[in-house]
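Biologist: Before I accept any label put on this chain, I would like to hear the reasoning behind it. Please show me the model.

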Amino acid sequence: MKLKYLSHSAFQITTEEGLRILIDPFLDGNPNSPVKSDEVFADFIILTHAHGDHLGDAKKIARAYNSQIISVNELGIILEHQGFNTHKMHIGGSHEFPFGKVKFTIAHHGSFTDEMQYAGEPAGVLLFIEDKIIYHTGDTGLFLDMKLIGEINKINYMLLPIGDNFTMGIDDAVRAVEFVNPEVAIPMHYNTFPIIAADPYEFQNRIEQIGKKCRVLDFGEEISIN
Ligand code: NI
Ligand code: MN
């Protein structure tokens, strides 16, 4: 599969079979996004929570392509009432989709919509695609259960926030990588706005100091995962 970083917490996955999955597609209002919402396509859109910088352009994209939106139940109900094609899940539950399996995990954060409507619990997601496991933590603070997530699942790629203020900063993110013990850590949720300014290369150095691998992706960079 291919994994493309669209900046902030937005990623695009393209499977061997050509299925396209977007995670937290915040593009048009995102100063770092290399693409606009009318330049992407999605069969599936996975949302970690309802904040504007994660829900992003999900509705525009889903409306254009009838993409199925995968989220926790309450956010799914809101979107369903707005006419979207949804698949509702909840934390701890997993489901097989045509592209692979999705399992929702806890995240310590909030999840009201920008209209201040409660949209359920914020989440992280484990993606089991083509024999690889990707853990997108969503927006979260550090939590000890990450150890359990890493024990149960041999994580290949961990995508985690380092921008501080709303999520973990670099110190806690390094600890999170120790807890989860992924093959490769990829930083996200930084430098989109001044309030979340962080140096991903400082994070990379810190990860390498603990003997782990970190890959800083440029905005728009795509890597192959085999
Ligand atoms: Ni958030
Ligand atoms: Mn966020």
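Biologist: What spacing do the donors of the manganese ion (ligand 2) follow along the chain?

Modeller: The spacing is D-H-x84-D-x49-H. Keep in mind that this is a predicted model.

Biologist: What makes Asp53, His54, Asp139 and His189 donors of the manganese ion (ligand 2)?

Modeller: A donor is an N, O or S atom within 2.8 Å of the metal. Asp53 (OD), His54 (NE2), Asp139 (OD) and His189 (NE2) coordinate the manganese ion (ligand 2) at 2.1 to 2.2 Å, so they meet that cut-off.

Biologist: What does the pair Asp53 and His189 tie together?

Modeller: Asp53 belongs to helix H1 (residues 52-55), whereas His189 sits in the loop between strand S12 (184-188) and helix H6 (200-209). The pair therefore ties together parts that are 136 residues apart in sequence.

Biologist: Why does Asp53 count as buried?

Modeller: Buried means under 20% relative accessible area. Asp53 has 17% relative accessibility, so it counts as buried.

Biologist: And why does His189 count as buried?

Modeller: The relative accessibility of His189 is 1%, and it is therefore called buried.

Biologist: Which residue bridges the manganese ion (ligand 2) and the nickel ion (ligand 1)?

Modeller: Asp139 does, and the two ions lie 3.2 Å apart.

Biologist: Let us turn to helix H5. Which residues of H5 (residues 170-180) are buried?

Modeller: They are Ile170, Ala173, Val174, Ala176, Val177, Phe179 and Val180. Their cover includes strand S10 (132-136), helix H4 (146-152), strand S11 (157-161), S12 and H6. Just after H5, Asn181 has a positive phi of about 55°.

Biologist: How do you know that the radius of gyration of the chain agrees with a compact globule?

Modeller: A compact globule of 226 residues would have a radius of gyration near 17 Å; the chain has 16 Å, so the value agrees. The C-alpha trace spans about 50 × 35 × 30 Å along its principal axes.

Biologist: How many helices and strands make up the secondary structure of the chain?

Modeller: There are 6 helices and 14 strands. Buried residues account for 57% of the 226 residues. Of the contacts between residues at least 6 apart in sequence, 57% join residues at least 24 apart.

Biologist: What supplies the area that the chain exposes?

Modeller: Carbon and sulfur atoms supply 47% of about 9,400 Å². As for charges, the chain has 18 positive and 31 negative ones, and their mean positions are 4 Å apart.

Key
Residues numbered from 1 in each chain as written. Chains lettered and ligands numbered in written order. Predicted model: local features only at pLDDT ≥ 70, side-chain atom pairs only at ≥ 80, totals over all residues. Heavy atoms only, no water. Helix = DSSP H or I, 4+ residues; strand = E, 2+ residues; numbered from the N terminus. Rg over C-alpha atoms; globule rule 2.2 N^0.38 Å. Buried < 20%, exposed > 50% of the residue type's maximum accessible area, 1.4 Å probe, protein only. Contact = heavy atoms within 4.5 Å. Areas by Shrake-Rupley, 256 points an atom, 1.4 Å probe, with all protein chains shown as cover. Lys, Arg positive; Asp, Glu negative; His and termini not counted. Charge placed at Lys NZ, Arg CZ, Asp CG, Glu CD.
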